[in-house]
Amino acid sequence: MVDDNELNRLRDAAVPAPGESAKARAFEAAMRAYDQENISAVTQGSVGGLRLTERAQKLWSEIMQKKLIATPAIAGLVALPIAGYATFHMLREQPSPFGGDEKITETLADKPAINAPAKDKQPLEGDLKNADADAEVRSRDVTDAFVTPTAPPKTEAPATVNQRENGTLQTYQQAPEPAPSTEAAPSGGRVIMRLTPPAPAADAARASRVQGTAESKLMAPQQPSTLPADQIAPQEPNRDRVEDFKTNPVHAALQDPVSTFSIDVDTASYSFVRSSLKQGYLPQADTVRVEEMVNYFPYDWKGPDSASTPFNSTVSVMPTPWNGHTKLMHVAIKGFDVKPVEQPKANLVFLIDVSGSMDEPDKLPLLKSAFRLLVSKLKADDTISIVTYAGDAGTVLMPTKVTEKDKILNAIDNLTPGGSTAGEAGIKEAYKLAQQSFVKDGINRVMLATDGDFNVGQTDDEDLKRLIEQERKTGVFLSVFGFGRGNLNDQMMQTIAQNGNGTAAYIDTLAEAEKVLVEDASSTLFTIAKDVKIQVEFNPNKVSEYRLIGYETRALNREDFNNDRVDAGDIGSGHSVTAIYEITPKGSGGEQMDPLRYGQATVNNGGVANADEYAFVKIRYKLPNEDISKLITTPVTSANEVQSFDQASTDQRFSVAVAAFGQKLRDEDATAKFGYDKIMEIATAARGADPFGYRSEFLSLVRLASALGGNR
């Protein structure tokens with residue numbers, strides 16, 4: 001038995017491979033292999049799958065050398081009965097009883113085995129002598145006494161493979177699957193009995209059980225039927241559909257002084273980005289919508305005093321942290337927060353995708369848990385209906401009061417996936433039910449939950465858009481909640497949510513479901529203003545250039561601002577909306593475009609009105625039950641300016657950090673030289689009150705992106 005000193009030396013020499021735990025685990029695995037006399041566990045300089053240093057290998061050689069003397073005899077006693085038993089079954093042309101369709105085959109060594117008459121000695125006897133000689137000659141490198149695991153199965157024709165092992169170039173044959181094959185293993189002339197694994201697709205579980213069988217020195221380790229443990233299986237093709245867009249350009253205020261866009265209170269992009277980072281990769285640029293990332297967080301902007309004025313705007317100008325020549329114009333909007341006692345009755349229709357693709361843990365099971373949370377948030381006299389769609393649409397639950405909560409929850413629990421995706425039929429059926437239980441002056445909303453495309457019926461986004469536009473005129477709005485990855489049609493979600501006077505959210509965890517459907521239920525369900533548009537006119541006497549950060553997919557034409565027929569975003573109860581412009585003050589030296597030769601006379605003639613203003617902000621909106629818009633205006637002057645970035649409020653600085661992060665993920669020029677460390681510094685200093693941990697989670701995402709992006 002090995003004394004404690006030797007064991008301690010071995011423990012000190014064991015080094016875990018990348019991704020493994022500490023030395024203790026390597027030592028524990030080594031001792032387990034030693035105690036079980038499972039000598040074959042120490043192959044290729046590893047113990048229990050953990051890498052050993054050269055010193056550790058030497059120690060193993062010294063420890064195991066004593067056991068090598070007895071090993072050939074023991075191995076012979078084990079191998080000979082197995083060989084005879086296997087030969088008996090092979091002669092009878094029956095499968096081996098070692099499991100399923102596996103067959104016992106002979107794996108030849110570097111030189112072919114000699115076919116001897118039955119009365120002569122068996123080939124294994126010579127093999128035992130060779131093993132004794134190997135033990136004496138190669139005691140300093142014990143791993144060479146064992147059979148090298150063969151390479152993963154290949155589908156192509158047999159090929160000769162050269163592999164360097166412990167300083168020696170080994171050559172062996174690699175055979176195709178699934179048929180059993182004879183392989184030459186570098187075993188010093190020994191005949192090896194091995195189990196040939198079944199085809200991976202049919203018998204993966206059985207192969208796993210066989211692989212766990214104890215192996216003697218004369219039996220090669222089970223050839224894996226899947227990829228090696230240190231390789232990641234190929235991922236399925238990503239079928240997510242995301243709208244591609246170009247980053248907003250810089251505009252010259254003299255030539256193009258007006259910027260117009262629809263507000264956006266969706267949060268899907270932030271959740272999607274978070275999901276990507278936590279899965280270990282930087283998100284695709286087009287999945288990053290900066291405004292949705294900024295608007296994900298609750299902010300304590302000043303709100304209106306009464307519902308008659310549905311929201312209040314606050315505008316500030318501050319230095320830009322990533323550019324010393326520019327400033328940020330920060331526009332913050334806060335919606336009126338409807339108190340629970342004042343909330344109108346709700347008539348909700350859950351439109352749930354139960355197609356076959358929803359049969360994944362982060363899809364239908366998560367969806368069911370999410371809607372259970374929402375049911376617990378509603379009042380007793382609210383109404384819920386449930387419509388499902390797969391190959392076709394069906395009504396699972398007719399309009400039911402929340403007082404019958406058990407009936408509603410039971411209907412949710414019994415949802416099962418299967419079939420294709422007839423989304424159009426589902427939408428029509430959902431709107432039909434919503435009309436049946438329509439609540440005048442209340443909340444009438446279809447809540448669509450899905451993972452992907454509508455592949456039955458109307459499947460074109462424009463057709464769906466027209467369908468939703470027609471239905472919203474009845475007073476029934478629509479919100480969309482996405483689940484899962486790999487088949488998510490984010491582009492469709494954005495289209496129908498925008499045109500259904502609703503929001504689009506992506507739910508990747510139960511915590512996100514709680515945020516969207518419980519914590520933010522008021523803003524998600526209760527609309528206080530619709531078709532909200534923002535138009536900013538910049539004064540070229542004060543501002544040379546400007547660019548809007550985000551809102552690329554919400555851009556409107558200048559003339560759309562006063563056209564009440566043009567749809568725009570909606571604001572829910574207590575919602576906050578933030579928009580940030582990066583502006584270049586005239587004469588700052590930060591201009592990116594040359595001035596016009598003949599244009600200055602139009603602003604330097606002394607007749608320009610309001611010459612001291614940076615800009616003029618106009619917001620147009622409609623009340624939920626009205627079709628004529630109202631206007632709110634705010635001039636932006638030096639009175640709105642703070643002298644340093646640190647003097648801005650905590651919420652303003654944090655929102656700017658999020659905007660910088662979004663631009664960084666999109667690899668925009670503006671933040672190319674602004675590192676993740678700077679973003680982390682701003683966000684950490686401006687974390688402020690964080691009761692739900694959203695801002696702390698943001699900091700962890702910045703750290704992940706920094707690691708994945710090399711802190712560029």
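## Strand S18 and the surroundings of Arg485

Strand S18 and strand S20, the latter spanning residues 576-585, pair in the antiparallel sense over 6 bridges. This description concerns a predicted model. Within the pairing with S20, Leu548 has Tyr581 as its bridge partner. S18 also pairs with strand S7, which covers residues 251-252, again in the antiparallel sense and over 2 bridges. There, Ala252 of the chain is matched with Glu545 of S18 as its bridge partner. Strand S18 itself comprises residues 543-549 and is mostly covered, as 7 of its 7 residues are buried. In a regular strand, side chains alternate between the two faces of the sheet.

A second site of interest is Arg485. This residue lies in the loop that separates strand S15 (477-483) from helix H13 (490-499). Arg485 has a relative accessible area of 15% and is therefore buried, the cut-off being under 20%. The side chain of Arg485 takes part in the polar contacts tabulated below.

| Side-chain pair | Polar contact distance |
|---|---|
| Arg485 and Ser275 | 3.1 Å |
| Arg485 and Ser276 | 3.2 Å |

Which residues are in contact with Arg485, leaving aside its neighbours within four places in sequence? They are Asp240, Phe272, Ser275, Ser276, Gln279, Tyr281, Asp362, Lys363 and Tyr506. Ser275 and Ser276 thus appear in this list as well as in the table, where the side chain of Ser275 is paired with that of Arg485 at 3.1 Å and the side chain of Ser276 at 3.2 Å.

Notes: Residues numbered from 1 in each chain as written. Predicted model: local features only at pLDDT ≥ 70, side-chain atom pairs only at ≥ 80, totals over all residues. Heavy atoms only, no water. Helix = DSSP H or I, 4+ residues; strand = E, 2+ residues; numbered from the N terminus. Buried < 20%, exposed > 50% of the residue type's maximum accessible area, 1.4 Å probe, protein only. Polar contact = N/O pair within 3.5 Å; in protein donor to acceptor, adjacent residues only side chain to side chain. Contact = heavy atoms within 4.5 Å. Pairing = 2+ DSSP bridges.
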